[in-house]
Amino acid sequence: MGSESSMEPLGPGSTGPAVADVRAALRSLGLLAVDAAAGESVGEEYDPATELAVRHFQQVRGLSVDGRVGEETYRALSEARWSLGDRLLHHDPERPMRGDDVTNLQERLLELGYDAGRADGIFGRETETGLRAFQRDYGLTADGTCGPGTLRALRQLGRKVTGGRPQLLRQSANFVDSGPHLIGRRIVVDPGHGGADTGFTAGETTEADLVLDLASRIEGRLAAAGATVYLTRGRDQNPTAEQRTAFANDARADLFISLHMDAHGSEHARGVASYYYGTGSGTSSTVGERFADLARREMVARTGMLDLGGHPKTWDLLRWTRMPAVRLDCGYLSHPVDRLLLLDARLRGTVASAVLAAVQRLFLPAEADPPTGTFVLPQKV
Ligand SMILES: [Zn+2]
């Protein structure tokens, strides 16, 4: 998969070196079995197995599935064959580097709390800036190039940082109990729906109104604790996911909390669920997961609602935000008991207090004993 020149789409019946390239890429991705009879030779025939593998690949990558290899699928195949460590990564304004290794680097930086831009697999200016900041903090040469030394540092940190972002660990280590605890924290609260989009309804009351009310209560409590709080919408607005996340990114928020309520055809469905950015198998936001967990547990403990667990999702709202982002689904409007609770203003106050407690626990780990032994705070010069 060398050149990026424009190409005729490949499909069933095609043959030649370009098909061999495609088959080799599919094989390296584990999508095409090695033919024992053919040995090392990948073959130049676009056979039914090739078509099937291409369809599979297109499906997994979210491309339109036609079993043929045009420009888009070809580019995606080229990008997919890179894994972190295969090559030096750096910012090339003329020909930006693209690939799954870049996505992986961006996700790791974001997970560690460095703003590396969107995890879009394109090494741009923002990725470089995030990488340099990481290198500076870890005493590496801040050259913005991801080579062996930087990779080693990233791997060593790996999943060991479970208590929060390194900066937060550093701050909590130095933390002195003085004044309101959340001063300097910027938190965006995102009431779902709005305007003409009412979400689910419970009699005359709408999910949109209830989550806005809840957001205001959370805003009040967080502000009283010293945080700077922004809401993504007023009563009559219904921003898109892109607008909501852009708003949070522009606000340089430390945390993004999206609020929803559920409903279901079965009146038995009930309880509280939380969602954070994650693919389920690979990377996930450690801080996001932790906050999702804290908020749900605080809520369940204070309201007696059912605990439906925390779940990794790749929703745009969670993926496009550059800070830990969590969506809380605070009960079912279709369930008789959940609905009674949610329609009660005092209960919504209780939920808001639960969210405040979770934010405090996130930023002020009572475990001011970060996972020492697994993470050594670098010396600040
Ligand atoms: Zn909703």
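**The zinc site**

Select the donor residues of the zinc ion, which follow the spacing H-x13-E-x52-H in sequence; donors are N, O and S atoms within 2.8 Å of the metal (3.2 Å for Na, K and Ca), and water is not among the atoms, so sites may look incomplete. The model is predicted: local features need pLDDT of at least 70 and side-chain atom pairs count only at pLDDT 80 or more, whereas totals for chains, interfaces and linings use all residues. Residues are numbered from 1 along each chain as its sequence is written, and side-chain values use heavy atoms, with hydrogens and water left out.

The zinc ion is coordinated at 2.1 Å by NE2 of His193, OE of Glu207 and ND1 of His260. His193 lies in the loop between β1 and β2 (201-202) and Glu207 in helix α8, so the pair ties together parts that are 14 residues apart in sequence. Helices (H or I, at least four residues) and strands (E, at least two) are DSSP runs, numbered from the N terminus. Both His193 and Glu207 are buried; buried means under 20% relative accessible area, exposed over 50%, and partly exposed in between (1.4 Å probe, protein chains only).

**The whole chain**

Next, display the chain as a cartoon. Its secondary structure comes to 13 helices and 8 strands. Of the 381 residues in the chain, 48% are buried. Among contacts (heavy atoms within 4.5 Å) with a separation of 6 or more, 67% join residues 24 or more positions apart.

**The sheet**

Select the strands β4, β1, β5, β8, β6 and β7, which in that order form an open sheet with mixed pairing. Two strands pair if DSSP finds at least two bridges between them. β4 (228-231) and β7 (307-313) stand at the edges with a single partner strand each, so one side of each is left without a neighbour in the sheet. From one strand to the next, the twist averages 20°; axes are lines fitted to C-alpha atoms, for helices over the stretch in contact, and angles run from 0 to 180 degrees between N-to-C directions.

Now restrict the selection to β6, residues 272-277, which pairs with β7 in the parallel sense over 5 bridges. In β7, Asp307 is the bridge partner of Val272, and Lys313 is that of Tyr277. With β8, the pairing of β6 is antiparallel, again over 5 bridges. There the bridge partner of Val272 is Cys330.

In a regular strand the side chains alternate between the two faces of the sheet. Val272, Ser274 and Tyr276 lie on one side of β6, and Ala273, Tyr275 and Tyr277 on the other; all are buried, and both faces are thus covered.

**Helices across the sheet**

Select helix α9 (residues 241-250): it lies across β1 (186-191), β4 and β5 (255-262), at about 165° to β1. Then select helix α13 (residues 345-363), which lies across β1, β5 and β8 (325-332) and runs at about 150° to β5.

**The nonpolar cores**

A nonpolar core is a set of buried Ala, Val, Leu, Ile, Met, Phe, Trp, Tyr and Cys residues joined through side-chain atoms within 4.5 Å. The largest has 42 residues, and those with the most contacts inside it are Ile187, Leu222, Ile257, Leu259, Phe291, Leu328 and Val359. At least two residues of this core come from each of β1, α8 (207-224), β5, β6, α10 (286-303), β8 and α13. The largest share, 10 residues, is supplied by α13.

Centre the view on Val359: leaving aside neighbours within four places in sequence, it is in contact with Leu182, Ile187, Leu222, Leu255, Ile257 and Phe291. Apart from the largest core lies another, of 17 residues, including Val102, Leu109, Leu131 and Tyr138.

**Aromatic pairs**

Finally, show the aromatic rings; a search of the whole structure finds 3 aromatic pairs. Rings of Phe, Tyr and Trp (its six-membered ring) pair if their centres lie within 6.5 Å; planes under 30 degrees apart count as stacked, over 60 as edge-to-face and the rest as tilted.

Tyr230 and Phe247 form an edge-to-face pair, 6.3 Å centre to centre with 80° between the planes. Tyr230 belongs to strand β4 and Phe247 to helix α9, 17 residues apart. Tyr230 is partly exposed at 25% relative accessibility, and Phe247 is partly exposed at 31%.

For Tyr275 and Trp315, the ring centres are 4.8 Å apart and the planes at 50°, so the pair is tilted. Tyr275 is in strand β6 and Trp315 in the loop between β7 and α11 (316-319), so the pair ties together parts 40 residues apart in sequence. Tyr275 is buried, with a relative accessible area of 13%, whereas Trp315 is partly exposed at 33%.
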